[in-house]
Amino acid sequence: MKNSRIILCHPFIKKQSNPNFYKFMKISICTEDAKRMINKIIGGINLETYIKGNKEAWEEAFDKRDPSWGANIVEKVKNEDYAFFNQQTMETLKKYDLAGKTIGQFCCNNGRELLSLVKTTKAKAGVGFDIAENMIDFANEKAKELELPCEFVAKNILEIDGSYENQFDVVLITIGALCWFKNLKDYFAIVSKCLKKDGIIIINEQHPFTNMLAQKSEKEYVKEYPLNCVFSYFSHEWISNDGMGYITGKNYESKTFTDYTHSMSEIVGSMCANHIVITNMQEFDYDISEGFEYLDHKGFPLSWILEGRKITD
């Protein structure tokens, strides 16, 4: 408990009245956990603000959703294998025998991918985490309709507790998950904690290359020069009040969304720092974000799939 005492003596901690600061002190924590916790608490106000703001913005988007959004989940999951996965991700998933396994998805949105994967592979169980409570309620309703062994949990990923430690044989991360976390080492620390030893992680995400480019809807976009690199590859904070058009079918003045750019080295390095080794990686010249379709099949890296394995507890 030495590190716990050090943290409790930190002058910033002594000022805190939030009981969440002290929950961690009931367990023994290692040096790396202690350092990570100090960094999180020192920056705690900003951390809590951007995550709380994103929660409110996502829940607002779901409340404003177009009636067609998510309406086909039950039908597609029942009638199609690997519904909602692109061809390359489907081929990657087929490499693994997931029958009888437990699958976790971190930032599961409305649950459609996890529901599809559990049904198709005859997995033992699926657990999906997302911050928006109303979206999680929706996902649980669909799981009940489909009679699938899936549970969806409304949770800030960074606050997932020890009850999920070493629970998952496979972790799935898909497009639009990583950008919602300022510090990926903290994110992958939770992912690694929840994975069993030798557990598999599969990621299908937007390529960091696109973070330098402006989308057509952004003021920095120049039609004649769509490949102008107008943003930093390495670090950028995005603030938006334009809503989530893919859910609502239109733009609207929304509560504030805050997300972050991450380079490929930051993603891979954050995984390696948390005992996850890279076993395979593929890059593709097609867009999966619905923001850069005009660059499809022109030789630019627009999306990627990574496979990894946890090597130690």
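This is a walk through a predicted model, stop by stop, with something to select at each one.

**The whole chain**

Start with everything shown as a cartoon. The chain has 313 residues, and 49% of them count as buried. Its secondary structure comes to twelve helices and nine strands. If you draw contacts between residues at least 6 apart in sequence, 69% of them join residues at least 24 apart.

**Stop 1: helix H8 and its two ends**

Select residues 112–121, which make up helix H8. Eight of the ten residues here are buried, so the rest of the structure largely encloses this helix. Color the buried ones: Glu113, Leu114, Leu115, Ser116, Leu117, Val118, Thr120 and Thr121.

Now step back to glycine 111, in the loop between strand S1 (102–106) and H8. Buried or exposed? Glycine 111 is buried, with a relative accessible area of 0%. Show its surroundings, skip the neighbors within four places in sequence, and you'll find Ala139 and Phe152 in contact with glycine 111. If you'd like a distance to draw, go from glycine 111 to aspartate 130: they are 19 residues apart in sequence, with 9.1 Å between their C-alpha atoms.

Then hop over to the other end. Lysine 122 sits just after H8, in the loop that leads from H8 to strand S2 (125–130). Check its backbone: phi is positive, about 60°, although this residue is not a glycine. Lysine 122 has 66% relative accessibility, so it counts as exposed.

**Stop 2: the nonpolar cores**

Hide the cartoon for a moment and show side chains. Nonpolar side chains tend to be buried together in soluble globular proteins. The largest nonpolar core in this model has 75 residues. Which of them touch the most other members? Select Phe106, Tyr187, Phe188 and Ile201.

Zoom in on tyrosine 187. Apart from neighbors within four places in sequence, tyrosine 187 is in contact with Phe106, Ile157, Leu158, Ile173, Ala177, Leu178 and Phe181. There is also a second, separate core of eleven residues, which includes Leu213, Phe231, Leu295 and Leu302.

**Stop 3: two helices, H10 and H12**

Bring the cartoon back and select residues 184–194 for H10 and 264–272 for H12. A pair of packed helices is described by the angle between the axes and the distance between them. For H10 and H12, the angle is about 40° and the axes are 8 Å apart. The two helices are therefore oblique to each other, and H10 passes H12 in a right-handed crossing.

To see who meets whom, show Leu184, Lys185 and Phe188 on the H10 side, then Glu266, Ile267, Ser270 and Met271 on the H12 side. The residues of this contact divide into four nonpolar, one polar and two charged.

**Stop 4: strands S5 and S9**

Next, go to arginine 309, in strand S9 (residues 303–310). Arginine 309 has 31% relative accessibility and so counts as partly exposed. Leaving out neighbors within four places in sequence, its contacts are Asp198, Gly199, Ile200, Ile201, His275, Ile276, Val277 and Thr279. Try a C-alpha distance to aspartate 198: the two are 111 residues apart along the chain, yet separated by 5.6 Å.

Lysine 197, in strand S5, gives you another pair to draw. From lysine 197 to threonine 312 is 115 residues in sequence and 5.4 Å in space, C-alpha to C-alpha. Lysine 197, at 44% relative accessibility, counts as partly exposed.

**Stop 5: two histidines in loops**

Where is histidine 207? Look in the loop between strand S5 (195–206) and strand S6 (237–240). Histidine 207 has 6% relative accessibility, so it counts as buried. Select what it touches, not counting residues up to four places away in sequence: Met264, Glu283, Pro301, Leu302, Ser303 and Trp304. Leu302 may look familiar, as it is also one of the residues in the second core.

Finish at histidine 297, in the loop between strand S8 (276–284) and S9. Histidine 297 counts as exposed, at 57% relative accessibility. Its phi is near 60°, a positive value in a residue other than glycine.

Key:
Residues are numbered from 1 along each chain as its sequence is written. This is a predicted model: local features need pLDDT of at least 70, side-chain atom pairs count only at pLDDT 80 or more; totals for chains, interfaces and linings use all residues. Side-chain values use heavy atoms; hydrogens and water are left out. Buried means under 20% relative accessible area, exposed over 50%, partly exposed in between (1.4 Å probe, protein chains only). Helices (H or I, at least four residues) and strands (E, at least two) are DSSP runs, numbered from the N terminus. A nonpolar core is a set of buried Ala, Val, Leu, Ile, Met, Phe, Trp, Tyr and Cys residues joined through side-chain atoms within 4.5 Å. Contact means heavy atoms within 4.5 Å. Axes are lines fitted to C-alpha atoms, for helices over the stretch in contact, and angles run from 0 to 180 degrees between N-to-C directions. Angles under 35 degrees count as roughly parallel, over 145 as roughly antiparallel, 65 to 115 as roughly perpendicular and the rest as oblique. A crossing is left-handed if the near helix is turned anticlockwise from the far one by less than a right angle, and right-handed if clockwise. Ala, Val, Leu, Ile, Met, Phe, Trp, Tyr, Cys and Pro count as nonpolar, Asp, Glu, Lys and Arg as charged, and the others, Gly among them, as polar.
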